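Here are my notes on this one, as numbered points. Have the model open while you read.

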Amino acid sequence: MTLATAFDWHDLELDEPFGISRGTTTVSENVVVRVEDEAGHRGVGGAAPADYYSPSREAITDALPDLLAAVADCDPHNRQRIARRLAAAAGGPTALPGARAAVSIALTDLAAKRVDLPLYRLLGLDPDRPITSSFTVGIDDTDRMAERAARAAETYGILKLKLGTDRDREIVRAVRDRVPDATIRVDANGAWDADEAVTMARFLADQAIEFVEQPVPADDLAGLARVSEDGPLPVAADESCVVPADVPRVAEAADIVVLKLTKSGGVWPVFRMCHAARACGLDVMLGCMTETDASIAAAAHLTPLSDYADLDGALLLAEDAFEGIEMPGGEIDLSRVDRVGTGAQER
Ligand SMILES: [Mg+2]
């Protein structure tokens, strides 16, 4: 078997500038991978790989022809061989996670289409476990954040608020004032030290916040553990958990782990990490980058394995060449999915 393969970049404008504690972006750089078998079945995968977790776009552009050549003669169902070939071509089992994710998603989409199944059925998951994704409000001027939260709450029942500024309390009070009944979780993207984070967690609990994500820097697992133990809120580890070996480490320090296809190399690595997290007593949140539905549609099929979902990435784009799984009000209900593969299709 030989697969035809191709990739290209899509620079997708965001609906509004997206601020987190590390900076603000206005464009999401996405790589889209296409694969086609000899029978004409096509798979598509995407990722926004050139960020915090991955090398530059140039490095990914240089590496992708080798990644694709390495899997071009693979049976798309032989995921053990695909994982080994991708690891060898990438320079290690955890190298180039975003590029591997795009390839992995495309091959998984193709595999599901070859057997005429939606991806969740190929994965053996129960579709009768609907879950509601949060909608993210990025860092901005306080009034604009409150306004955006109020507007989002008209449609979405769960909001995620990005924090990590010198006016975090003001932001939370302003938002809570506008949306007294919404479920709100917050994500500091590592911006606080442990002392600050424990104090903030107490304040956030008083504001009826659901949980706090990545309160301290990625490598400060002792700090993460302290926020978990001394603070009143559940703590989610995102930047602190990238590769499978991180799962048992963060299990000692957090309550929830945030898993993302682009961060960890695609569908199968995340599938395995979901189970590892469970075995370590962690709850799971499936997350994403601000990225194309060619990626997020695949993540949606893993939600029966998760306790929380934060899969709004494509909703934050001004336009996307793909449409994925519908999420009315943020609800992902796989029992309503009838398209085969990931369900991502060209608009
Ligand atoms: Mg996060």
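1. Start with the pairing of strand E2 (residues 23–36) and E3: the two run antiparallel and share 6 bridges. One register check you can do quickly is Val31, whose bridge partner in E3 is Ala47. Keep in mind throughout that this is a predicted model.

2. That pair belongs to an open sheet of 3 strands, ordered E1-E2-E3, with antiparallel pairing. Strand E1 (4–20) and strand E3 (42–47) are the edge strands, each pairing on one side only. On average, neighbouring strands in this sheet are turned by 20° against each other, direction ignored. As a reminder, strands of a sheet pair through backbone hydrogen bonds, either parallel or antiparallel.

3. Which strands does helix H1 (residues 57–71) lie across? They are E1 and E2, and the helix runs at about 150° to E1. Helix H3 (residues 97–114) also packs on the sheet, where it touches E2 and E3. The direction of H3 makes about 155° with that of E3.

4. Now the overall division. The protein chain splits into domain 1 (4–116) and domain 2 (121–346). Taken over C-alpha atoms, the domain centres are 22 Å apart. To the contact, domain 1 gives 41 residues and domain 2 gives 46 residues.

5. There is also an open sheet of 8 strands, and here the pairing is parallel. The order to trace is E5-E6-E7-E8-E9-E10-E11-E12. Its edge strands are strand E5 (135–137) and strand E12 (308–309), and each of them pairs on one side only.

6. For a closer look at that sheet, take strand E10 (residues 256–259) and strand E11 (residues 283–286), which run parallel and are joined by 4 bridges. If you want a residue pair to click on, Leu259 has Leu286 in E11 as its bridge partner.

7. Helix H5 (residues 142–153) lies across E5 and strand E6 (158–162), and its run makes about 160° with E6. H5 also packs against H6: their axes come within 9 Å and cross at roughly 35°. The crossing of H5 past H6 is right-handed.

8. Who makes the H5 contact with H6? From H5 come Thr142, Met145, Ala146, Glu147, Ala149 and Ala150, and they meet Glu170, Ile171, Ala174, Val175 and Arg178 in H6. By type, the residues of this contact are 7 nonpolar, 1 polar and 3 charged.

9. What about helix H6 (residues 168–178) and helix H7 (residues 194–206)? Their axes come within 11 Å and cross at roughly 15°. Angles under 35 degrees count as roughly parallel, so H6 is roughly parallel to H7. H6 passes H7 in a right-handed crossing.

10. On the H6 side of that contact sit Asp168, Arg169, Val172 and Arg173, which meet Thr199, Met200, Phe203 and Leu204 in H7. The residues of the contact of H6 with H7 break down into 4 nonpolar, 1 polar and 3 charged.

Key:
Residues are numbered from 1 along each chain as its sequence is written. This is a predicted model: local features need pLDDT of at least 70, side-chain atom pairs count only at pLDDT 80 or more; totals for chains, interfaces and linings use all residues. Side-chain values use heavy atoms; hydrogens and water are left out. Axes are lines fitted to C-alpha atoms, for helices over the stretch in contact, and angles run from 0 to 180 degrees between N-to-C directions. Angles under 35 degrees count as roughly parallel, over 145 as roughly antiparallel, 65 to 115 as roughly perpendicular and the rest as oblique. A crossing is left-handed if the near helix is turned anticlockwise from the far one by less than a right angle, and right-handed if clockwise. Contact means heavy atoms within 4.5 Å. Ala, Val, Leu, Ile, Met, Phe, Trp, Tyr, Cys and Pro count as nonpolar, Asp, Glu, Lys and Arg as charged, and the others, Gly among them, as polar. Two strands pair if DSSP finds at least two bridges between them. Domain bounds come from an automatic or database domain assignment.
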